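I am opening a notebook on this structure and want to keep my entries in the order in which I looked things up. I will begin with the ligand and then turn to the domains and the helices.

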Amino acid sequence: MLTLSPNLRSLVNAARDIAVTVTSRTAEEDDRHARWPDATMRALADARVTALLAPTAVGGHGGGMVGLVGISEVLAQESASAALCFAMHCVGTAVLAAKPTDAQRDRYLLPIARGEHLTTLALSEPGSGAFFFYPETTLEPTPGGFRLTGTKSFVTNAAHADSYVLSTAAVAAGAEVDGAFSCVVVDRDRPGVEWLDAWHGFGMRANDSRTMRITGAEIPCDALLGAQGDQLWYVFEVIAPYFLMAMAGTYLGVAQAALDEARVHTGTRRYGHSGELLGQAPVVAHRLGELWGRVEATRQLIYSAAAKGDAMDPDALPSILACKAMAGDTAVHVANEAMTLCGGSAYRENSRLARILRDARASHVMAPTTDMLKTWVGRSLLKLPLL
Ligand SMILES: Cc1cc2nc3c(=O)[nH]c(=O)nc-3n(C[C@H](O)[C@H](O)[C@H](O)COP(=O)(O)OP(=O)(O)OC[C@H]3O[C@@H](n4cnc5c(N)ncnc54)[C@H](O)[C@@H]3O)c2cc1C
């Protein structure tokens, strides 16, 4: 990991302590029962790790991408779901902090800085699927603000969050904004918002990523984030960079956890007939070495991209785009290979490695998807617009 400021280092250390002392004890049960990681999220809030991306002006840590990667990585080594819950709160925070009004600062950023408010992102919809930046949820002007109608899918943190950052499409608001995409913030328990079925994922089971149905929910004028039509700016300037780095850190942690499982098993499994360790077979040591190299190369790319992002390096874009794709490829590959190395004992139902492999698979379908990102890397190298 790169050199961190003393404050970021203490936050990463606090997150590691929480991962080891709290998350490791609850992760298996949370996964089995598809239960939101309450104890971990409470501990992160109590230690004000959840204030990572709140600006220093409101008492937050003003942390950047390196800190986000570091914390996501250590959480994901114990629970990818807990890392995802933390990540979606952080990305939502970054959106709220980008262009806040005074009222939004007081209502959202100050409590986030105190560890007293959890937010999240609700962008995806059944209609646009992986193309999450083309919302169909309507934003209709009313005398007192706006009326929202639509469906948001896979809203991580679901009813556990205190607020939701939503993307919307304007209707009947005048020629200059008609059809423009905007971001708004919606408070929990807003009339007109309901949660559909409980989340039961193949993997990533402990994040409560549920569907939100919004039927004519009234929100005030001050719920608008930035100006009308700002959604694409938020998506590409704020959401994508922070989300990609948070997910890169998460899947790096998943890959590291799989590697650790393989290392422990091959380093301790001894055969009765020969007295030899599994890892003494040359092909096993070779495979383990290959996996270590993949994880380490991925780690170097991710932390260097995060440092470039924090430094606002004009050449950071391809590295930031490549991170989540590479982390996903690495996590799936390493978890898959570790399952072979760890043998039948790992293949049992609900082994730790089984959970890691199921969690790793989410990386490719979470938008921007792996294929989409690799295409965007190519387009950025060719100086073509991403979309
Ligand atoms: C565990 C989990 C948590 C999530 N949390 C959130 C959240 O908190 N907030 C949020 O807004 N969203 C969230 N999402 C949603 C996610 O980001 C995607 O929007 C969602 O998975 C898209 O699913 P879909 O079935 O609509 O995919 P589809 O749009 O049907 O796509 C299916 C597959 O087709 C492929 N594909 C699509 N288009 C192309 C193309 N042009 N070229 C090549 N391949 C293509 C992709 O590989 C994709 O996986 C979450 C998803 C998961 C699984």
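**Entry 1: around the ligand**

I began with the ligand and found that 21 residues surround it, among which Leu123, Ser124, Gly129, Phe154 and Thr156 come nearest. I note at once that I am reading a predicted model. I then looked up which elements give two or more residues to this shell, and they are strand S1 (119-122), strand S3 (145-155) and helix H10 (352-365). When I sorted the shell around the ligand by residue class, I had 13 nonpolar residues, seven polar ones and one charged.

**Entry 2: the domains**

Next I looked up the domain assignment of the chain, which gives domain 1 (6-118), domain 2 (122-229) and domain 3 (232-381). Where does the ligand lie with respect to domain 2 and domain 3? Both of these domains give residues to the shell around the ligand, so I place the ligand between them.

I also checked how domain 2 and domain 3 stand to each other, and their C-alpha centres lie 31 Å apart. In their contact, 11 residues of domain 2 meet 10 residues of domain 3. On the side of domain 2 that touches domain 3, I listed eight nonpolar residues and three polar ones, with no charged residue.

**Entry 3: H6 and H8**

I turned to the helices, keeping in mind that two packed helices are described by the angle between their axes and the distance between the axes. For helix H6 (residues 231-268) and helix H8 (residues 317-341), the axes come within 8 Å and cross at roughly 20 degrees. Because angles under 35 degrees count as roughly parallel, I describe H6 as roughly parallel to H8. The residues of the contact of H6 with H8 divide into 21 nonpolar, four polar and two charged, and I recorded the crossing of H6 past H8 as left-handed.

**Entry 4: H8 and H11**

I stayed with H8 and looked up its packing against helix H11 (residues 370-381), where the axes come within 9 Å and cross at roughly 155 degrees. Are H8 and H11 roughly parallel or roughly antiparallel? An angle over 145 degrees counts as roughly antiparallel, and therefore I describe H8 as roughly antiparallel to H11. Here too I wrote down a left-handed crossing, with H8 passing H11.

For this contact I noted residues of H8, including Leu317, Leu321 and Ala325, and residues of H11, including Leu373, Trp376 and Val377. By class, the contact of H8 with H11 holds nine nonpolar, three polar and three charged residues.

Terms used. Residues numbered from 1 in each chain as written. Predicted model: local features only at pLDDT ≥ 70, side-chain atom pairs only at ≥ 80, totals over all residues. Axes fitted to C-alpha atoms, helices over the stretch in contact; angles between N-to-C directions. Helix = DSSP H or I, 4+ residues; strand = E, 2+ residues; numbered from the N terminus. Parallel < 35°, antiparallel > 145°, perpendicular 65-115°, else oblique. Left-handed = near helix turned anticlockwise from the far one by under 90°. Nonpolar A, V, L, I, M, F, W, Y, C, P; charged D, E, K, R; others polar. Near = placed C-beta within 6 Å. Domains from an automatic or database assignment. Contact = placed C-beta atoms within 7 Å.
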